[in-house]
Amino acid sequence: MDLTELYQSVILDNNRRPRNFRKLPTANRVASGNNPVCGDEVTVYVQIEGDRIADISFQGAGCAISQASTSVMTQRLKGKTVAEAEALFGRFKDIVTQGTPDEEDLDLSAFAGVHQFPARIKCATLGWHAALQAIHGEAATVTTE
Ligand code: ZN
């Protein structure tokens, strides 16, 4: 299996079996996002304790890229501080806009191919934008438009 196939399998697996796909009863922050061009929707639930993301989950519907990237995002942000979450989103944005995978970071790098399809960058970052909105307590619906 070459690296491209490995990346594909991360996306397919997270789309088929999204992680943390549920409402979070203990959430104290919620934000939704939508990407009308593609028809993607996500709602991200966050339980913030101090400056740490104690728990995070999501629900949504849409293309494989949007749902898989949100699934990966919840796995990566759980337990992180707000500053760590922002740094990780910065890294993910670099990967999907510049197509520069970090082989040490397989699940984020799985989305590097997205940079060849600028419209799909919005799919890949939708869940992250919603999560950061929720974390910052900006209770608004984010849209990629
Ligand atoms: Zn999409």
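**Entry 1: D107**

I looked up the contacts of D107 in this predicted model. Leaving aside neighbours within four places in sequence, I found D107 in contact with V10, V72 and R76. I placed D107 in helix α4, which spans residues 106–109. Is D107 buried, partly exposed or exposed? I recorded a relative accessibility of 22% for D107. Buried requires a value under 20%, so D107 counts as partly exposed. I also took the C-alpha separation of D107 and A68, which is 9.8 Å for two residues 39 places apart along the chain.

**Entry 2: S71**

I turned next to S71, which I located in helix α2. Its relative accessibility is 0%, and S71 therefore counts as buried. Which residues does S71 touch, beyond those up to four places away in sequence? I listed N14, P18, R19 and F58.

**Entry 3: P18 and N20**

I followed the contact from S71 to P18, which lies in the loop between α1 and β1, the latter being residues 29–35. Not counting residues up to four places away in sequence, P18 touches F58 and S71. I noted that F58 is also on the contact list of S71. P18 has a relative accessibility of 27% and so counts as partly exposed, whereas S71 counts as buried. I checked P18 against A131 as well: the two are 113 residues apart in sequence, and their C-alpha atoms are 16 Å apart in space.

In the loop between α1 and β1 I also found N20. I read its phi as near 55 degrees, a positive value in a residue other than glycine. Most residues other than glycine have a negative phi.

**Entry 4: Helices α2 and α3**

I examined how α2 and α3 are arranged. Their axes come within 11 Å and cross at roughly 145 degrees. I recorded the crossing of α2 and α3 as right-handed. Which residues make the contact? From α2 I listed S69, R76 and L77, and from α3 A85, L88, R91 and F92. By class, I entered four nonpolar residues, one polar residue and two charged residues for this contact. R76, on the α2 side of the contact, is also a contact of D107.

**Entry 5: The largest nonpolar core**

I then looked up the largest nonpolar core, which has 39 residues. Which members touch the most other members? I found L77 and F111 in that position. I noted that α1 (3–16), β2 (40–49), β3 (52–61), α2 (64–77), α3 (82–98) and α5 (118–135) each supply at least two residues of this core. The element that gives the most is α5, with 10 residues. In soluble globular proteins, nonpolar side chains tend to be buried together.

I listed the contacts of L77, not counting residues up to four places away in sequence: I53, I56, A85, L88, W128, A131 and I135. A85 and L88 are among the α3 residues that meet α2.

**Entry 6: The zinc ion**

Last, I looked up the protein donors of the zinc ion. They are C38 (SG), D40 (OD), D40 (OD), C63 (SG) and C123 (SG), lying 2.1 to 2.8 Å from the ion. D40 is thus listed twice, each time as OD. How are the donor residues spaced in sequence? I wrote the spacing as C-x1-D-x22-C-x59-C.

I compared the accessibility of two donors. C38, at 34% relative accessibility, counts as partly exposed. D40, at 0% relative accessibility, counts as buried.

Note on methods: Residues are numbered from 1 along each chain as its sequence is written. This is a predicted model: local features need pLDDT of at least 70, side-chain atom pairs count only at pLDDT 80 or more; totals for chains, interfaces and linings use all residues. Side-chain values use heavy atoms; hydrogens and water are left out. Donors are N, O and S atoms within 2.8 Å of the metal (3.2 Å for Na, K and Ca); water is not among the atoms, so sites may look incomplete. Buried means under 20% relative accessible area, exposed over 50%, partly exposed in between (1.4 Å probe, protein chains only). A nonpolar core is a set of buried Ala, Val, Leu, Ile, Met, Phe, Trp, Tyr and Cys residues joined through side-chain atoms within 4.5 Å. Helices (H or I, at least four residues) and strands (E, at least two) are DSSP runs, numbered from the N terminus. Contact means heavy atoms within 4.5 Å. Axes are lines fitted to C-alpha atoms, for helices over the stretch in contact, and angles run from 0 to 180 degrees between N-to-C directions. A crossing is left-handed if the near helix is turned anticlockwise from the far one by less than a right angle, and right-handed if clockwise. Ala, Val, Leu, Ile, Met, Phe, Trp, Tyr, Cys and Pro count as nonpolar, Asp, Glu, Lys and Arg as charged, and the others, Gly among them, as polar.
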